[in-house]
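Let's take a walk through a protein model together, starting with its strands and then moving to its packed interior and its empty spaces. Keep the 3D view open as you read.

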Amino acid sequence: MTFCLGITVEEGLVAIADTRLVAGNECLVARKTASYQGPGFAFFTMNSGLRSLRDKVLLYFEEAFARESGTRDRLYRVVNLYAQQVRRVSQEDAEALERAELKLNLFSLVGGQMSGDSAHRLYLVYPEGNWVEIGPDTPYQIIGASGFGKPILERSLTRGDTMQYAFKVGLLAFDATRLCVADVDFPMDAILYSRGSFALVEQRYQVDDLREISNWWQDRMRRAVHYLPSGWIE
């Protein structure tokens with residue numbers, strides 16, 4: 001399983017991904033994000049699904065992106081180019097995956113800003129190669145294990161929140177997921193993008209880096225339960 005979260009607010013983008021990779025009986029650490037930036041562009045991708053599909057799609061995409069400079073003015077053009085590689089890999093590998101009783105289950109998040117974009121964008125790309133843009137009514141998307149962090153995001157996140165607030169909420173969503181899902185865990189990768197900056201800020205966090213936040217949140221939740229109105233219960 002995987003936890004990849006993309007958030008879009010007016011100030012910019014927040015991306016959070018776990019790094020646990022399960023292969024048979026082994027647990028490995030592997031990056032699930034990829035970042036790209038240069039003069040007038042900055043964007044990232046995050047993926048859930050079979051690792052082999054992710055690596056092949058990214059290799060094809062990077063080759064295509066290097067060739068086709070005409071895609072660098074708008075992020076949706078980049079997403080179209082990326083989606084073409086998803087469909088290409090699907091055509092190449094679908095039959096072999098089916099024989100092995102595996103599914104082409106590659107979901108992707110692509111977020112960032114290109115020179116021709118008036119603001120940052122965030123897209124969800126499906127395994128079939130079609131895509132949707134995220135926000136503003138629901139300014140986030142989780143791929144992978146989505147059920148455990150979603151309640152926190154639904155109750156507390158809006159498009160008008162600051163990036164700092166969105167990052168805090170994202171950390172809590174990740175923390176809730178890793179406590180409930182055995183194959184989602186630290187290290188955690190985070191990417192932040194401020195609107196109009198054309199620069200990505202990336203950081204990897206270990207469990208000890210966020211232990212205080214996790215303990216603080218758990219203590220506050222337990223305290224809050226005591227203050228719930230209880231007259232109707234009694």
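Start at A23, which stands opposite E26 in strand β4. Please keep in mind that this is a predicted model. The two strands around this spot, β3 and β4 (residues 26-29), run antiparallel and are joined by four bridges. Together β3 and β4 form a hairpin with two residues between them. One residue to look for in that turn is G24, with a positive phi of about 65 degrees.

## A strand with neighbours on either hand

Next, find β6 (41-48). Strand β5 (residues 33-38) pairs with β6 over six bridges, in the antiparallel sense. Within this pairing, A34 has T45 as its bridge partner in β6. β5 and β6 also make a hairpin with two residues between them, and G40 in the turn has a positive phi of about 80 degrees.

β6 has another pairing, with strand β7 (residues 107-114), which is antiparallel and covers eight bridges. Here F43 is matched with G112 in β7.

Is β6 buried or exposed? Eight of its eight residues are buried, so β6 is largely enclosed by the rest of the structure. You can check this face by face: F41, F43, T45 and N47 are buried on one side, and A42, F44, M46 and S48 are buried on the other.

## The nonpolar cores

Now look at the largest nonpolar core, which has 27 residues. The members that touch the most other members are F3, L5, I7, I16, L153 and M188. At least two residues each come from β1 (3-9), β2 (12-18), β10 (140-144), α3 (150-156), α4 (163-180) and β11 (188-194). Which element gives the most to this core? That is α4, with nine residues.

I7 is a good residue to click on. Leaving out residues up to four places away in sequence, I7 touches G12, L13, V14, L122, P139, Y140, L153, L157, A166 and G170. Apart from this core lies another one of 25 residues, including Y60, F61, V110 and M114.

## The empty spaces

Rolling a probe the size of a water molecule over the atoms shows where empty space is left. Here is how the spaces compare in volume and in the classes of their lining residues.

| Space | Volume | Lining residues by class |
|---|---|---|
| Largest cavity | about 80 Å³ | seven nonpolar, one polar, three charged |
| Largest pocket | about 270 Å³ | four nonpolar, six polar, five charged |
| Second largest pocket | about 210 Å³ | seven nonpolar, one polar, two charged |

How many cavities of 30 Å³ or more are there? The count comes to one. Among the residues lining the largest cavity are L171, F174, D175, R178, V207 and R211. Two or more lining residues come from each of α4 and α5 (207-226).

The largest pocket is lined by 15 residues, and M1, T2, K32, S48 and G49 lie nearest its centre. Two or more of the lining residues come from each of β3 (20-23), β6 and α1 (51-67). β3 gives the most, with three residues. You have met S48 before, as one of the buried residues of β6.

The second largest pocket is lined by I152, S156, Y165, K168, V169, L172, E212, I213, W216 and W217. For this pocket, the elements that give two or more residues are α3, α4 and α5. Look back at α4 as you finish: α4 also supplies nine residues to the largest nonpolar core.

Terms used: Residues are numbered from 1 along each chain as its sequence is written. This is a predicted model: local features need pLDDT of at least 70, side-chain atom pairs count only at pLDDT 80 or more; totals for chains, interfaces and linings use all residues. Side-chain values use heavy atoms; hydrogens and water are left out. A nonpolar core is a set of buried Ala, Val, Leu, Ile, Met, Phe, Trp, Tyr and Cys residues joined through side-chain atoms within 4.5 Å. Buried means under 20% relative accessible area, exposed over 50%, partly exposed in between (1.4 Å probe, protein chains only). Contact means heavy atoms within 4.5 Å. On a 1 Å grid over the protein atoms alone, a cavity is a set of points where a 1.4 Å probe fits but cannot get out, and a pocket is an open set with protein on both sides within 12 Å along at least five of seven lines; lining residues have an atom within 4 Å of a point. Grid points are joined across faces, edges and corners, and a volume is the space filled by probe spheres set on the points. Ala, Val, Leu, Ile, Met, Phe, Trp, Tyr, Cys and Pro count as nonpolar, Asp, Glu, Lys and Arg as charged, and the others, Gly among them, as polar. Two strands pair if DSSP finds at least two bridges between them.
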